[in-house]
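Me: I am new to this structure and would like to see how its descriptions are justified. Please show it first.

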Amino acid sequence: MKFYELTPQQRRDFLEQEGYATHNDARLLRLTPLLREYAADGMIENQVGVMGIPIGLLMGLEMNEKTYNVPMATEEPSVIAGACAGAKIARENGGVVSALWPVRVIPADIVFRKVPISKQEAYAKMVLSHKKDMIQVMKEKMPTLTRHNGGIEGVTCHSIHRGEFWKVRMWIWTGEAMGANIANRLSEIEAKYLESLLGIKPLAAILSNAELETVGSGVWIDPATLATGDEDGEQVAQKIVALSRWADLDDTRAVTHNKGIMNGVVACALANGNDTRAVEASAHWFASRSGRYSPLARWEFAERNGKRVLQGKLTMPMPIGRIGFSIKTLGTPELCQRILGAADLWETQEVFAAVGLVQNLAALKSIATEGIVQGHVKLRSYNLARAAGARGDEIDKVADFMIHHPKRTVRQAEIMLSHLRAEKDKEGAPAPEEDGGEEEEKDE
Ligand code: MEV
């Protein structure tokens, strides 16, 4: 049986049997809510409840010659199925290759207002010649950060709009932490120091989500592996290239193209307990850094080892962490990290980018062939069949019925399933009655 054909408990048993999860982790996955009220109350203001988001696994993502089962948290039904479909194509073609450069340092700004151009050079000299003192201040005020070899890696000065603003930018190493809190605390501490050094009062001290580190992922696909029942692979590949070109030329398409990438990346980040808004913000900043909003991934024909291939490349920032307050408190992210099995933060970043790339591939292939709606209807019908309790060959039969039924609800699938089972037991059972109870399926 395929992984998606199993019940949630069978899937957890499989993870345990195959050594992807310990017995305890498999048990933890089943328990809800993992987040106890006292922990939730300690996390946010005015807490009144806890919300559940399903976690699923992208099975068999091959990247840098290693295979991952990637936990993803999402409310959108087609995301994990799309990621699995994209990862399968990538796997058939040798997997994804990912790398990152340069290693992540967080920018944080101490910004001053109305600094005359005539004074900027002297201020910059003063700041840069006191970099050692800034580091000393950091050592005194943030000893834990320094003990973990984190802290200021570089200092630069920048004029904004001819001195309307002038800022001192620190580049901060925060190790495996996402680092926003560290960067903000450190910049507030250094703002006080710079105020006394320069004799001018800063307007603000705050990190920037515009990080320079990017992850690059690439995949090289033999067009033949894209064939569908109706079209040959070359035709599909050509349409994927055309869709990519459309995103290049039309920013209103690029944003949807990127939304599809973020479907995968954000689902990974959420399961990992990360600040998904930072991931989104930096991605969209990066997508528009040329002054025009552009696609994060591109597809074109290329030559590789003497063969014509469809080449997909994605580049984007990935400001996530592997340690931190939310990750620890939520509990589930640490469990997801264990299932993912990445050695460190940097490998995790590479996996998330690879997921973004295969997610994009699946979306473009679907748009280029059967269309997104048809794909979603099919998927939803299969999910409903399984949720209604269909097993084995019942799944296809119930799903096929649901695909053509105007009301796609669990109740309707249950009615169909019971009719199917009754028919099996006794020939000539009455036609299935209609479901009057649940709401009709809404547009998503
Ligand atoms: C839907 O969540 C994402 C897509 O719209 C992405 C795309 O259009 O490339 C399918």
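What follows is a short exchange about the ligand and one helix in this predicted model.

Me: What makes E76, R253, T256, H257, K259, G260, N263, A363, I367 and I372 the surroundings of the ligand?
Reply: A residue is counted as near when one of its heavy atoms lies within 4 Å, and these ten names are the residues that surround the ligand.

Me: How do you know that the side chain of R253 makes a polar contact with the ligand?
Reply: The cut-off is a pair of N or O atoms within 3.5 Å. An N or O atom in the R253 side chain is 2.8 Å from a ligand oxygen, so the pair qualifies. K259 also has a polar side-chain atom 2.8 Å from an oxygen of the ligand, and for N263 the distance is 2.9 Å.

Me: How much of the ligand does the protein bury?
Reply: The ligand alone exposes 300 Å², and 85% of that is buried by the protein.

Me: Which elements give two or more residues to the shell?
Reply: They are α10 (251-271) and α14 (345-368). The largest share, six residues, comes from α10. By class, the shell holds three nonpolar, four polar and three charged residues.

Me: Why does the length of α8 agree with that of a helix?
Reply: At 1.5 Å a residue, its 19 residues (180-198) should span 27 Å, and the end C-alpha atoms are 26 Å apart, which agrees.

Me: Why are A180 and L198 of α8 called buried?
Reply: Buried means under 20% relative accessible area, and the buried residues of α8 include A180 and L198. After α8 comes G199, with a positive phi near 75 degrees.

Conventions. Residues are numbered from 1 along each chain as its sequence is written. This is a predicted model: local features need pLDDT of at least 70, side-chain atom pairs count only at pLDDT 80 or more; totals for chains, interfaces and linings use all residues. Side-chain values use heavy atoms; hydrogens and water are left out. A polar contact is a pair of N or O atoms within 3.5 Å; within protein, one must be able to donate a hydrogen and the other to accept it, and residues adjacent in sequence count only if both atoms are side-chain atoms. Accessible areas come from the Shrake-Rupley method with a 1.4 Å probe; for residues, only the protein chains shown count as cover. Helices (H or I, at least four residues) and strands (E, at least two) are DSSP runs, numbered from the N terminus. Ala, Val, Leu, Ile, Met, Phe, Trp, Tyr, Cys and Pro count as nonpolar, Asp, Glu, Lys and Arg as charged, and the others, Gly among them, as polar. The expected span of a helix is 1.5 Å times one less than its number of residues. Buried means under 20% relative accessible area, exposed over 50%, partly exposed in between (1.4 Å probe, protein chains only).
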